[in-house]
Amino acid sequence: MISFNHVTKSFGEKITAIDDVDFTVEEGKIVVLLGPSGCGKTTLLRMVNQLESITKGEIVINGENSKDLDPIELRRKIGYVIQSNGLFPNMTIEENVMLVPDLLGWNKKKKRERFEYLMKLIGLDPKDYGKRYPHELSGGQQQRIGVVRALAADPPVMLMDEPFGALDPIIRDKIQEEFLQIQREVKKTILFVSHDIDEAIKMADKIVLLRDGKIMQFDTPSEMLAHPKNEFVSQFFGKDRAIKSLSLHTVENLREVIGLGPVDESIQDTKTIHIHQDLRNTLSMLLNQEADQVIVKDEQDENIGTITIDLVQKYLHFEIKGKMSASQEG
Amino acid sequence: MKRKKLIGSIVRYALYAAVAAFFIWAISNSYFDYIFSQSETFLVLLRQHVVLVLVSSLLAILIAVPAGILITRPKFKKAEWIFSNIANLGQTIPSLAVLALMISVLGIGFRTAVFALFIYSILPIFRNTVAGIDSIDKNMIDAAKGMGMKPHQILFRIELPNSAYSILAGIRTAVVLNIGTAALAYVVGAGGLGVWIFTGINLFDNGFLISGAIPVTLLAILADYILRKVEYIVVPKGSRRIEKA
Amino acid sequence: MEKWARFLEVNSSRILELTIDHAILVSLAIFVALLIGIPLGIYLTTNQYLADTVLQIASITLTIPSIALFGVMIPIFSLINQGIGFVPAFVALVLYSQLPIIRNTYTGIKNVNPEMRDAAIGMGMKTRQRLLRVEIPNALPVIMAGVRTAVVMNIGIAVIAAYIGAGGLGVLITQGISRNDNYLIISGSIAVAILAIIADAILLLIQKRFTKKAIAE
Ligand SMILES: Nc1ncnc2c1ncn2[C@@H]1O[C@H](COP(=O)(O)OP(=O)(O)O)[C@@H](O)[C@H]1O
Ligand SMILES: [Mg+2]
């Protein structure tokens, strides 16, 4: 758990980068710091591991005031991932990933096992990739290594500063999925910086929307989309925030509310979709292909029904727009 | 493609031929004879030369590398540009003058030459150490800090390995220059192979010229070659740069 | 201070004269070096085999100590009765300048953004037009950096050339050594240093003037 208690950060007399920020990241949750460039996301993140000092207020990490902790000790217990992955070119992938365990004095066997476990998490062969150097990996692979390096010593808390920002959209999407998958297994307390609305909606349990160092709103993504607190928030998410919020719902949600269409055995060659897929992706899949329906498969890979643009539209209308209530409608 | 390869080969073999022709010409005119007829003197001069270079280079490395590391620490960062500019200015002063001016401070002899060579070698090593450390991506250092590495761990595990290439290149430059400058040590009476070169100039004796100049040249080329090999071994594989010539 | 004033009163015109000699020797050498090095560097971008060979030769040349190179050149140039004086010094300076000039021209042009090159080809530019309008202007900062290295280096090497009778500011230093006169040595070194600094500054200025039009790096 990370609590920010009325935290303020000034650079010199004039610049107040963070202004009286107050919120809590619950244990095992992802909170995304979202906002336009220069709003103070990076500064706020770096105050947690004391790469920036705190001007006023305090940050409490798992019950301990960060001021009372030794910065070196503290940082070894916090995973830190940055955009330009920060891998060390002079070290092999294994040396990079095992750096913190090494600093902590783990023995060889323990390091070896941990490395193999971590590489399996991201689907890279530890034998092959372990001996390579960072420049021998693709951008996406490097970023994955950056993530598992932060996970190496199993820190309870992770700080991630636009970790996927430099990747192209398709790879970014994949790594986000993969990371959420890992998070379901490791359940870290994560503070995640992003300037990408879609990424924030996808990754966040809660979003902190910042502007000029002040919190505009601190809420779950669906609350924020449905009930923006002020003009800035609704503008920031844009007119299409109803569609954006589709990514918070899955095919399963739709089935529970309005049910799927019947499976028509006569239609061949239709694409299939998994029941846990989010509705935004489902919609774009429907729009991108010629057939106006796709078959839904459940966990056992059985066909359980079909989904159409009509159904998604209906769901959007009743479930999402309906709940956006009286707030500024887009 | 074929034609281009041919041109390349012609140039290469023409050069080999020119070098071979030079040696045949020099040998047939007995220009190398002093090396054999006065082999004892030659060995003394060669030893003086090598000792001058080794002692002054080692001292320079011992001073310049730590100095470069120190000046790039956050505490001294502000002083960096002053020292770098002094180093740049210093390099415009002719090596001959540095040697000559040391005479009035330390008198004539071996110590004077070593000191002058040492002073002159500090500059390239210092400059390259600073440049190498400064060129490291700040994000990398940030990541290292964020992972909880202590300053000395960052220095030895990240900064030095990743600037090794630049530091070693500075040392190589300094040593090769030093071999040439040591040939001027004659003017401060410190011996070295320069003695024969200057004797050759003064007496218009081609034998002394060649017997002095060729060994100095070979020494420089050999040092360059060895130090490049050392670079290749020492610089970590992942941070080797693709740089030629 | 007073002694300096007296020294300069007597010697300033001679210092100036030697400075000019020094500058002329270096400028001529650089001029010829550019005439050889830049076309060669450009040609090398089209012939990898030759490039490897030439850059290797140039790099070995640069490791040869200057006094040793002079020592080798005296006997060779004696064959045409030019053993000492301007000619060997001039040839040595041209040789030493080759590596920085050729290498920087070569890498500068090699590193021109390939998309830019493709665009130029796509627009139907001929090789010559492409070189003059796209590749050389874009490589200019790198080429100029090589020229600056060569000039500053040569100003230093030309000092040693005084020993083989090539004149220039080295004369003040060598005379200072033989007469045990520190005034001569110091004034000679300062003049060399100032010459190097001014030459570098002028070249930097030229580089900026030309690149402003072409590209902002
Ligand atoms: N070291 C610093 N000195 C002065 N101002 C800074 C410093 N670091 C950040 N700032 C300022 O603080 C504000 C927030 O920066 P940052 O946290 O990097 O924003 P973000 O990550 O949201 O883009 C910006 O206005 C920036 O200029
Ligand atoms: Mg930022």
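Trainee: Is Asn65(A) buried or exposed?

Mentor: A residue is called exposed if 12 or fewer other C-beta atoms lie within 10 Å of its own. In this predicted model, Asn65(A) has 12 such atoms within 10 Å, so Asn65(A) is exposed.

Trainee: Where in chain A is the place of Asn65(A)?

Mentor: Asn65(A) belongs to strand β5, which covers residues 64–65 of chain A.

Trainee: With which residues is Asn65(A) in contact, leaving aside neighbours within four places in sequence?

Mentor: Contact is judged by C-beta atoms that lie within 7 Å. With those neighbours set aside, Asn65(A) touches Glu58(A) and Val60(A). Separation in sequence and distance in space are two further readings: Ser3(A) is 62 residues from Asn65(A) in sequence, with 9.3 Å between their C-alpha atoms.

Trainee: How many helices and strands does chain A have?

Mentor: Chain A contains 15 helices and 13 strands. Its radius of gyration is 22 Å, close to the 20 Å given by the globule rule for 330 residues, so chain A is as compact as a globular protein of that length. Along the principal axes, its C-alpha atoms occupy a box of roughly 65 × 50 × 30 Å. Of the 330 residues in chain A, 37% are buried.

Trainee: How many residues does each chain bring to the contact between chain A and chain B?

Mentor: Chain A contributes 19 residues and chain B contributes 18 residues. On the side of chain A, α2 (71–76), β6 (78–82) and α4 (99–103) each supply at least two residues. By class, that side has 12 nonpolar, 5 polar and 2 charged residues.

Methods: Residues numbered from 1 in each chain as written. Chains lettered and ligands numbered in written order. Predicted model: local features only at pLDDT ≥ 70, side-chain atom pairs only at ≥ 80, totals over all residues. Contact = placed C-beta atoms within 7 Å. Helix = DSSP H or I, 4+ residues; strand = E, 2+ residues; numbered from the N terminus. Nonpolar A, V, L, I, M, F, W, Y, C, P; charged D, E, K, R; others polar. Rg over C-alpha atoms; globule rule 2.2 N^0.38 Å. Buried ≥ 20, exposed ≤ 12 C-beta atoms within 10 Å, placed from the backbone.
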